[in-house]
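Me: I'd like a close look at just one part of this protein, with the surroundings filled in step by step. Could you keep it friendly for someone in their first year?

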Amino acid sequence: MVGRLRFGLIDLIRRTSTVSILHELEAIQFASPSDLQRRQQALLQTYVELVRKASPLYARLSGFAQFPVIDKAFANANRAGLVNPDYRGKVVNKKTGGSTGEPFVYATGVKAQSYLWAAILLSWRVAGYRLGEPVAFIAGTALFGTGYKQKIYYALMNVRMYSAFDMSAARLDAYAADIARQRCRLVYGYASAIHQLALHINKSGRRPPFRLRGVVCTAEVLTPAMRETIEQAFGVPCFSQYGCNDAGVSAYECERRSGFHLITERSYFEVLPGGRLVSTDLSNDAFFLPRYDTGDLVEMAPAPCPCGRGFPLIKSVVGRANDLVEDQAGNTVHSEFFTHLFREDRRISEFQVVYDARELVVIVHCADAAFAHPPYLERIAAALAFDSVRFAVNQPFVAIKNGKHRFVMRVDNVELALGETLAC
């Protein structure tokens, strides 16, 4: 009851309906696939009519089949045509760097925010969480904000926040001890950051007296080896969650942990040849992104999950992992450290961090050829110890085999990798 009151107060302050949507999702998740598909088609039809009426970009298109597949570049170039001029509710602006480091600003409305948090809570519920219980967040500001409003919300949610940007041995000791002392019932956050904490706990041979029900990882691929390490460290089941908020994608593992249940009440999804996931956020009535290319590759399961849930099942997600950057001294930072370091610098259109055991190079693409980087070098040097840290301005990115670059990338030899890129 106390937990419901806490979240009810959050809904009242934010004008959201997270709790009621959570209860609805819990009720319909076991509906048949055909029933869920009919609900989704009705939602899609309503959404298409709204987009055609409100957006000049789609007014002359007869139906959804004529809508083009779009991406971040299209949205950045056509922002005015994607904003719903008839929307009168609260607008929440969001910013993401994406897998290529290309900045993208978009907006969501109250309904989309409600579905986002309802889906997160649904994934926690599978792990045994009860509304209002203390939760440990191990992440960066992509998952939790730093403003006073966010601090109030997380206090009401009973959330304790632990930064993924500082993963030193001393800090990890403090994190583990505090999670136990606060009697947290769930650990939630970046897969690699939680894994790093688990490795530290296992290596120390001292497991604090945790009172956890489960662990839920997000933002990155959770490998079987990582899951095993995390479960060994915390002594509870570890679950994974997949989401792409700008595309309206929310998916969660059930008790069988054999794939991600994609919530079709929020998303109309398509899988293009080669596995490219395209999604339409049916809940975002403030900013339209129909048939939005997530940039992720997925493999769908051929049949529904034996657990009985009717949501379609994503068998696996490809290419969501980002490297932890670790120097020879054992200092580590999450790759999101660099995303947040550069995200407010409008001179930078894209970036990539390439490093080996001794050298770290930041490649930035920007219009300013005289780009000044000493302040950034100081920030990086304060967190990591490499023999050499430098910037390369407007140099080609280092690509992986499929041609797509990762914005944080470890290589055997930085100079060799950069040389091969320049020779291409």
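Here is the part I'm curious about: is Arg-39 buried, partly exposed or exposed, and why?

Reply: Happy to take that one slowly. Keep in mind that this is a predicted model. The protein averages a pLDDT of 89, and 92% of the residues score at least 70. Confidence is lowest in strand S15 (residues 332–334), with a mean of 77, and highest in strand S9 (residues 260–262), at 98.

Now to your residue. Arg-39 counts as partly exposed, because its relative accessibility is 33%. For that label, a residue has to fall between the buried range, under 20%, and the exposed range, over 50%.

What does Arg-39 hold on to? One partner is Glu-24: the two side chains meet in a salt bridge, 3.0 Å from N to O. That pair links distant parts of the chain, with Glu-24 in helix H2 (residues 18–28) and Arg-39 in helix H3 (residues 33–54), 15 residues apart. Glu-24 is at 29% relative accessibility, so it is partly exposed too.

Arg-39 also forms a salt bridge with Glu-265, this time at 2.9 Å, N to O. Here Arg-39 sits in helix H3 and Glu-265 in the loop between S9 and strand S10 (267–271), so the pair ties together parts that are 226 residues apart in sequence. Glu-265 counts as buried, because its relative accessibility is just 5%. Put these together and you get a network of salt bridges linking Glu-24, Arg-39 and Glu-265. As for the general idea, side chains of opposite charge can pair when their charged atoms come close.

Let's stay with helix H2 for a moment. Glu-26 meets the side chain of Arg-125 in a salt bridge of 2.8 Å, N to O. Arg-125 belongs to helix H6 (residues 110–126) and Glu-26 to helix H2, so this pair ties together parts that are 99 residues apart in sequence. Both ends are partly exposed, because Arg-125 has 33% relative accessibility and Glu-26 has a relative accessible area of 21%. If you search the whole structure, you find 18 salt bridges.

Charged pairs aren't the whole story, so let's turn to the rings. The whole structure has 23 aromatic pairs. One of them is Phe-137 with Tyr-188, a tilted pair with 5.1 Å centre to centre and 55° between the planes. Phe-137 lies in strand S3 (residues 135–139) and Tyr-188 in strand S5 (residues 186–190), so the pair ties together parts that are 51 residues apart in sequence. Phe-137 is buried because its relative accessibility is 1%, and Tyr-188 is buried with a relative accessible area of 2%. The two rings also belong to one aromatic cluster, along with Trp-117, Trp-124, Tyr-129 and Tyr-154.

Out on the surface, there's a nonpolar patch made of Leu-9, Leu-12 and Ile-13, with about 290 Å² of accessible area together. Ile-13 is in helix H1 (residues 2–14), and it counts as partly exposed because its relative accessibility is 42%.

Finally, step back to the overall layout. The domain assignment gives domain 1 (1–320) and domain 2 (324–422), and their C-alpha centres lie 28 Å apart. Your Arg-39, then, is a partly exposed residue that takes part in a salt-bridge network with Glu-24 and Glu-265.

Conventions. Residues are numbered from 1 along each chain as its sequence is written. This is a predicted model: local features need pLDDT of at least 70, side-chain atom pairs count only at pLDDT 80 or more; totals for chains, interfaces and linings use all residues. Side-chain values use heavy atoms; hydrogens and water are left out. Domain bounds come from an automatic or database domain assignment. Patches are made of residues with over 30% relative accessible area and no salt bridge: like charges are joined within 9 Å, nonpolar side chains (Val, Leu, Ile, Met, Phe, Trp, Tyr) within 5 Å. Accessible areas come from the Shrake-Rupley method with a 1.4 Å probe; for residues, only the protein chains shown count as cover. A salt bridge is a side-chain nitrogen of Lys or Arg within 4 Å of a carboxyl oxygen of Asp or Glu. Helices (H or I, at least four residues) and strands (E, at least two) are DSSP runs, numbered from the N terminus. Buried means under 20% relative accessible area, exposed over 50%, partly exposed in between (1.4 Å probe, protein chains only). pLDDT is the predictor's confidence in each residue, from 0 to 100. Rings of Phe, Tyr and Trp (its six-membered ring) pair if their centres lie within 6.5 Å; planes under 30 degrees apart count as stacked, over 60 as edge-to-face and the rest as tilted.
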